Amino acid sequence: MTATDLTPRQNWTREEIRALYDLPLDQLFARALGVKAAHWADGAVQKSQLLSIKTGGCPEDCGYCSQSAKFDTGLKAEKLLPLEEVVETARRAKANGADRFCMGAAWRSLKDRDLPKVAEMITAVKAEGLETCVTLGMLEEGQAEALKDAGLDYYNHNLDTSREYYGEVVSTRTYDDRLETLGRARRAGIKLCCGGILGMGESREDRIGLIHELSLLSPHPESVPVNKLVPIKGTPLGGSEELDTLELARAIAVCRIVFPKSWVRLSAGRESMSPEGQALCLLAGANSIFVGDRLLTTPNPAMDKDARLLESVGGGCAKC
């Protein structure tokens, strides 16, 4: 891709992405900012809020996750939240400036018996004037269409890492399982929220591999969350070394170039970052964040801190 060619591509090679990743930081940021200025000239920062509607007890063994039943993290399994609590949380999220409301359930896959309740939540949240997103694990035939009919805008299902490193993190579902669920959501007309987690012991080559895998999705995910691992005591990755902020910002800048028309979200891990580090990631090309005091089960910066952060970089609310 030339400096002036800003058309989304599905034919990126790993070599091209590696060449971007290895650019001097000032050149990489300049490229990323050029893309951001072309496609996101208003400088708006999209705000999403995430609620765990069913916490804990997941049978998967994702090595980063506090909600796995296979790890002793002190988290107790809970039942699906009542509709009224979900709607009230969504109303507060909107009042605090959120554009999108995301609902997550600690399931391996969505069960047909739970589908009507989740669909009811989606419809009710949509009626509050918010974009809707859910992350419910793997989808079976017909479920994506039912979620779409309920008013779902986005389905979140991350690839987590490169295909090569994936087996070091998860063994209870395959990479292709994840791609199959993404395909079902896409065929139902649902937008995709799909990214990964950095800092799980993977190499830079694995980060390049993750971005390459995402670039092959056609069309690209409308949202690309870039998560920094939040180490959870009791999980296999609980003792992981913290990812360097410059490496995170570099990955975000590459994503901004490769996914020129996607929201690139600075997602989990902000609580451990300085305001300057977060600002650097926004300047690198991120234009979306999670707001609210929690992300499923992990902490997130307080609303007043986020307000100061966005004021410092000049970002406002997206008009979705």
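In this predicted model, the buried residues of helix 5 (residues 143-150) are Gln143, Ala144, Leu147 and Ala150. Looking down the axis of helix 5, these buried residues fall within an arc of 120 degrees, so they line one face of the helix. That fits a simple bit of helix geometry: an α-helix has 3.6 residues a turn, so residues three or four places apart point the same way. The partners for the buried residues of helix 5 are helix 4 (115-127), strand 4 and helix 6. Right after helix 5 comes glycine 151, with a positive phi near 110 degrees.

Leu147 turns up again in the nonpolar interior. The largest nonpolar core has 84 residues, and Leu136 and Leu147 are the ones with the most contacts inside it. Helix 8 (residues 245-258) supplies the largest share of this core, 9 residues. Leucine 136 touches Leu147 itself, along with Ile53, Met103, Ala105, Trp107, Ser109, Leu110, Val118 and Tyr155, once residues up to four places away in sequence are set aside. There is also a second, separate core, this one of 8 residues, with Trp40, Cys133, Tyr154 and Cys193 among them. As a rule, nonpolar side chains in soluble globular proteins tend to be buried together.

Zooming out, the chain has 10 helices and 11 strands. Of its 320 residues, 58% are buried. Taking contacts between residues at least 6 apart in sequence, 76% join residues at least 24 apart. The accessible surface of the chain adds up to about 13200 Å², and carbon and sulfur atoms account for 52% of that.

Strand 7 (residues 223-228) is a good place to look at burial in a strand. Here 6 of the 6 residues are buried, so strand 7 is largely enclosed by the rest of the structure. Ser223, Pro225 and Asn227 point one way, while Val224, Val226 and Lys228 point the other way, and all are buried. The general pattern is that side chains in a regular strand alternate between the two faces of the sheet. Strand 7 pairs with strand 6 (residues 196-198) in the parallel sense, over 3 bridges. Within that pairing, isoleucine 197 sits opposite asparagine 227 of strand 7.

Isoleucine 197 also shows up in the surroundings of aspartate 160, a residue in the loop between strand 4 (154-156) and helix 6 (175-187). Aspartate 160 has a relative accessible area of 2%, which is under the 20% cut-off, so this acidic residue counts as buried. Its side chain makes a polar contact of 2.7 Å with the side chain of tyrosine 64. Beyond Tyr64 and Ile197, and leaving out neighbours within four places in sequence, aspartate 160 is in contact with Val170, Arg178, Gly195, Gly196, Met200 and Leu210.

Arginine 173 lies in the loop between strand 4 and helix 6 as well. With 7% relative accessibility, arginine 173 is buried too. The side chain of arginine 173 is joined to that of glutamate 60 by a polar contact of 2.7 Å. Sequence neighbours within four places aside, arginine 173 is in contact with Glu60, Trp107, Arg108, Gly137, Met138, His157, Tyr166 and Arg178. Arg178, then, is a contact of arginine 173 and also of aspartate 160.

Glycine 63 belongs to another loop, the one between strand 1 (46-54) and helix 3 (83-95). At 3% relative accessibility, glycine 63 is buried. Leaving out residues up to four places away in sequence, glycine 63 touches Phe71, Val169, Thr235, Pro236 and Leu237. The C-alpha atoms of glycine 63 and isoleucine 232 are separated by 9.4 Å, although the two residues are 169 residues apart along the chain.

Histidine 39 gives a case with some exposure. This residue is part of helix 2 (residues 25-39) and, at 27% relative accessibility, counts as partly exposed. Outside its neighbours within four places in sequence, histidine 39 is in contact with Leu6, Pro260 and Lys261. Measuring from C-alpha to C-alpha, histidine 39 and leucine 6 are 8.5 Å apart in space, with their positions 33 residues apart in sequence.

Note on methods. Residues are numbered from 1 along each chain as its sequence is written. This is a predicted model: local features need pLDDT of at least 70, side-chain atom pairs count only at pLDDT 80 or more; totals for chains, interfaces and linings use all residues. Side-chain values use heavy atoms; hydrogens and water are left out. A nonpolar core is a set of buried Ala, Val, Leu, Ile, Met, Phe, Trp, Tyr and Cys residues joined through side-chain atoms within 4.5 Å. Buried means under 20% relative accessible area, exposed over 50%, partly exposed in between (1.4 Å probe, protein chains only). Helices (H or I, at least four residues) and strands (E, at least two) are DSSP runs, numbered from the N terminus. Contact means heavy atoms within 4.5 Å. Accessible areas come from the Shrake-Rupley method with a 1.4 Å probe; for residues, only the protein chains shown count as cover. A polar contact is a pair of N or O atoms within 3.5 Å; within protein, one must be able to donate a hydrogen and the other to accept it, and residues adjacent in sequence count only if both atoms are side-chain atoms. The arc is that of the directions from the helix axis to the C-beta atoms. Two strands pair if DSSP finds at least two bridges between them.
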